[in-house]
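Please open the model in your viewer and keep the sequence panel beside it, since this tour moves from one selection to the next.

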Amino acid sequence: MIAVRKTCLPLLVTPLALAACNEAYDPRGVDRDETLLSVSATGESEVRPDEAFFQVGVENFARTGKAASDANAQDIREVVAALREAGVPADDIQTRTVGIQRIQYGDRKGQYQANNIVAVTVRDIEKAGDAVTAATEAGANVFSGPDLRISDSEKAANTAYGEAFKAAKARAQAYADAADMEIARVLTIRDGGGAQGGRYIPGAPPPPPPPVSMPVRTQAMPEEQAGGVIQPGQTTSRVSVQVDFALVPK
């Protein structure tokens, strides 16, 4: 079920000067007996996410690089095997980070640290909590996420665009009625882009700058936070359009 909301932003009404002849004189196609009405509107849709994305892995310490690396390789194999048993296919498990370094400070100075992080996509959100629990029970001690996503993100965005255009047309009709005019035709429609949860939706050029996102940081997950229930909630798609209408007297 998709719930929709729609709103309008302020608009601009611009009467155009008459041309010397009967030809269209505006690049948008406004004729000499028409008035340009430019409307900016927004539309929203809310959809329940159906996928979950998270990163999980293992971190090991040892006195030698080989010992740390060997232990890390064994542990990540067990984590991946647990994810597979939880129903996550191999194509939805991808290595993101493999590293080893010698620690130069702190209580572990002189030891080696090895880590291996995998990105996991769970395409049935109801099974996401089970997948996290399986990974942590198998020894995962690094976790970040989840990022809840919509598998058919384009459909959700298109619903919001439809609501944005309806809002623009309704506002244009209100202005036309108040001015004792009527809408003759739609001249241009410009996609203003928007956002879907944390995902930027590009619009027609020049688009607004995308939101600033922080790099993903992984950290050891405390034992009491391992696993748990994931609440999907609702993801909002919010977009904008600019529509130019030609108005004529009634």
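In this predicted model, begin by selecting Glu51, which is buried, with a relative accessible area of 12%. Now add Arg123 to the selection, and you will find that the two residues form a salt bridge in which the closest N and O atoms are 3.3 Å apart. Because Glu51 belongs to strand β4 while Arg123 sits in the loop between β6 and α2, this pair ties together parts of the chain that are 72 residues apart in sequence.

Next, select Glu126 and Arg48, whose side chains meet in a salt bridge with an N to O distance of 2.5 Å. Here too the pair links distant parts of the chain, for Glu126 is in the loop between β6 and α2, and Arg48 is in the loop between β3 and β4, 78 residues apart. Glu126 is exposed, at 56% relative accessible area, whereas Arg48 is partly exposed, at 39%.

Move on to helix α1 and select Asp70 with Lys66, which are 4 residues apart and therefore separated by about one helical turn. Their salt bridge brings the closest N and O atoms to 2.7 Å.

Finally, turn to the largest nonpolar core, which has 22 residues, and select Phe54, Val56, Val79, Leu83 and Val120, the ones with the most contacts inside it. Two or more residues of this core come from each of β4, α1, β6 and α2, and the largest share, 5 residues, comes from α2. Apart from this core lies another, of 18 residues, among them Ala157, Val241, Val243 and Leu247.

Conventions:
Residues numbered from 1 in each chain as written. Predicted model: local features only at pLDDT ≥ 70, side-chain atom pairs only at ≥ 80, totals over all residues. Heavy atoms only, no water. Core = buried A, V, L, I, M, F, W, Y, C linked by side-chain atoms within 4.5 Å. Buried < 20%, exposed > 50% of the residue type's maximum accessible area, 1.4 Å probe, protein only. Salt bridge = Lys/Arg side-chain N within 4 Å of Asp/Glu carboxyl O.
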